[in-house]
Amino acid sequence: MRRREFLATGGALVIAFSIPRAAWAQDAEGAKLPGSLGKTPMLDSWIRIGTDGSITVFTGKCELGQGVRTALQQVAAEQLAVAFDRVTMVTADTERTPDEGFTSGSNSMKDSGTAILNAAAQARELLIAEAAKRLAVPSTQLVARDGSIVAPDGRRVAYGELVEGQLLHVNAQPHSTLIDRASRRVMGKPVQRVDIPGKVTGGVAYVQDLRLPGMVHARVVRPPQPGAKLRSLDASAARAMPGVVDVVRDGNFVAVIARSEFEAVRAMRALSDSATWDDGSLPPQEIHAHLLGLASKDTVIADRGTATSPAQYESTYHRPYHMHGAIGPSCAVGLLQDGKLTVWTHTQGVYPLRAAIAELVKMPPDKVHCIHMEGSGCYGHNGADDAGGDAALLAVTHPGRPVRVQHMREQEHSWEPYGPAMVTKARASLGADGRIVSWEFDVWSNTHSTRPGKAGNLAAGMLVASPFAASPPGTIPQPEGGGDRNSIPLYSVPRVKVTSRFIPEMPLRVSALRGLGAYMNVFSIESFMDELAVAAKADPVGFRLRHLDDPRAVSVVQAVAERFGWSTWQREPGHGRGFAFARYKNLAAYFAIAMDVEVTRESGEIRVGRVCCAIDSGEAVNPDGIRNQTEGGVVQSLSWTMLEAVTWDAKRITSRDWGRYPVIRFQHVPRSLDVQVIDRPGEPFLGTGEAAQGPTAAALANAVADATGVRIRDIPLNPARVAATLRRV
Amino acid sequence: MITLEVNGHRHDVDVDPSTPLLYVLRGELALNAAKFGCGLGQCGSCTVMVDGEAIYSCITPVSTLAGRRITTVEGLGTVDKPGPVQRAFIEEQAAQCGYCIPGMMMRAQALLEKNPGASEDEIRKALEPNLCRCGTHMRILRAVARAGKLMGAK
């Protein structure tokens, strides 16, 4: 049924919905429903208006500190023609919100933003049509304003009076009448984030802050290394300690529950001391050689043009394992009550986690309720889901009692799934005109997603006496890609061949880290572009522009070159400048960056000076939110690239705290960081969060090469490596 | 029993004297702002002020704090009446996930009470012990400078 037909039924607002969902996802012409409406087409799955005029908007995406709650609220308020504060947002909750999968891949605005944009616009049109009947005024003469539909003669009907029955219980249509851009009040305007006041005044802002009546505190004891088996555990000392409620053991899963948090911590230490383990194993430290020795499944993902000449230039790049390293270790609260298990969690996907927990505790999924609450940071698949699994497993052993579990720092550092170590190899030839004529690129990588959905993807599911199978490691197909994300250059080159070499066997536990393979592939491609520019005796910016056709790509590159003052930059001794560009996933946000650095040759220390960057992520809903996310991406990528690598020895992960896994501190963040947001009103939302990761890494390496004359192709460019490399030349 | 003075209020707490202050703030006193980050004094997310000095509450036993003046973010103001540091962080939108921010604010408060006109280099140096993983550093620096101006203007 099309909306027109529905409206033609007059007062009969209750209609049957027996038609299968798939049939609703497309209209008669086959036009797809926008964003996540394709999967959840009912308008009232997204927007509910109470008879009191209250407006609630539902999203299946999670607030991770990226500000998506605020941006989605802006979209809804704009299209519903109400003040920003009139809208209450409900985020990811398996009993309340649509299933939008994971909050990942910079997809939240594309998926949920687009769905809410269209659902809100269509709801507004339905309200206008209903008011037209009530007021006997043609709908074209009515306007929506501040929560009412207003007629030319001044009569008005509040939304709450119009929603009796099932007005919004209808399917979305493929096309919407959006508020025209000139009269927008909320979208595109700088709106302050709704979550910040609570966070800076001690409000209950995180799952870590959740306190339920009768809540007890748990800590887990993890094996000393992956695959270690618990040989013996003497729990008597821990059990006798003050406040201890219980010690739980299931195979290699060990935890203690106590009345208070510090009592749990102390008992955990005692329990840990009393455990003996049969060793597991860790891979050799020469991890890249080890990875290249493992079997790979090779796929040619780009093959255009024909090879004419052998490659003149070849470079190989390495990336270590990186960790998410949230400042607050993962946490969750579980409660089994009246046969139902509720888990408060900072997962990125409440529905997939519900499936995994249901399997873990052997309960039907509809008896498991996952509610998202914010946690610390995120940046991908960290320990959040593991904590959810731990809390679930412990909660079912103590029905009626809320159990809060938080990991310790060394557990987070040692057990979170890391961003995979990778190797890339680039080869190219230049023509006489200084253009690239052929390009080949190979990328070796593990999977970049071992997210749950299966109990075996949770730490608890791996550790229990009867462990669960994890989902087999897989790739994310192009054009988005996983390990091979952004491995196909956006540059215009006659001959391009790209081979994705997927390594199923995982020497260390890995999963999604912000940007997935794009971080390494863009680092490699954009480093190599500079190497080729040097070979072609060309300016790096001009060399890139020579190979770019997409006008939006050209525009971010030019915007950054201009703001940075690329053409007038004056070199000082020890200083260099670097540039890089990418379009995230080759289909999302455009991003370019320029920076200058100073390198101290003796110490190998890099000081980042001025950074200018520009991002085009389509229509900008909250420009300051985009700036905030982009600044964060730049600084985090600088930290990864300048400092970070997971380390281990034969016995254990050795990078188990901030002393042994240093990250960037205030004295090493850039002297200045300028983000230009290039707004594209009316263009689709492209997402923001991951665009900066790859280009920032390459711009840094390019600046170091410019400053020193030495190209470093291995991450991290930490002082030890920089100094050692410079000593060798 | 130990008597702690937190944000101007006295609390008698019955805990083991070796318990770090952080657990008493979050547990017995149900204050949310100070956060558990590392338990090692490496990240600063647990930072509070004791007699005007920024300290790591995760490694400071309550036994050392009887009779001393403890201040947490809750003592700086409220959502309705935010103090200068809180106002500055809101005005600069200086948070992403925000988990590290209360610790940053307390370290900033300790600096600015002594030196509201702190230069950017002085602010960077003072904040060096505190980690932010979201990369909000540039905004935090601006917020602290702004807070200094607000405090100076008071």
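**Quick notes on chains A and B**

1. Chain B comes with five helices and five strands. Reading from the N terminus, the order is β-β-α-β-β-β-α-α-α-α. Bear in mind that this is a predicted model.

2. On overall dimensions, the C-alpha atoms of chain B fit a box of roughly 40 × 30 × 25 Å along the principal axes. The radius of gyration is 15 Å, and a compact globule of 154 residues would be near 15 Å, so chain B agrees with that expectation.

3. Now for a helix pair in chain B. A packed pair is described by the angle between the two axes and the distance between them. For H3(B), residues 101–114, and H4(B), residues 120–127, the axes come within 10 Å and cross at roughly 125°. That angle is over 115 but not over 145 degrees, so the two helices count as oblique to each other. The crossing of H3(B) past H4(B) is right-handed.

4. Who makes that contact? From H3(B) there are B:Met104, B:Arg107 and B:Leu111, and H4(B) brings B:Ile123, B:Ala126 and B:Leu127. Sorted by class, the contact has five nonpolar residues, no polar ones and one charged. The charged one is B:Arg107.

5. A word on confidence in chain A. The average pLDDT is 94, with 96% of the residues at 70 or above, that is, scoring at least 70. Residues 1–28 of chain A are where to be careful: pLDDT stays under 50 there. For this stretch the model has 21 contacts beyond four places in sequence.

Terms used:
Residues are numbered from 1 along each chain as its sequence is written. Chains are lettered from A and ligands numbered from 1 in the order in which they are written. This is a predicted model: local features need pLDDT of at least 70, side-chain atom pairs count only at pLDDT 80 or more; totals for chains, interfaces and linings use all residues. Axes are lines fitted to C-alpha atoms, for helices over the stretch in contact, and angles run from 0 to 180 degrees between N-to-C directions. Helices (H or I, at least four residues) and strands (E, at least two) are DSSP runs, numbered from the N terminus. Angles under 35 degrees count as roughly parallel, over 145 as roughly antiparallel, 65 to 115 as roughly perpendicular and the rest as oblique. A crossing is left-handed if the near helix is turned anticlockwise from the far one by less than a right angle, and right-handed if clockwise. Two residues are in contact if their C-beta atoms, placed from the backbone, lie within 7 Å. pLDDT is the predictor's confidence in each residue, from 0 to 100. The radius of gyration is taken over C-alpha atoms; the globule rule is 2.2 Å times the number of residues to the power 0.38.
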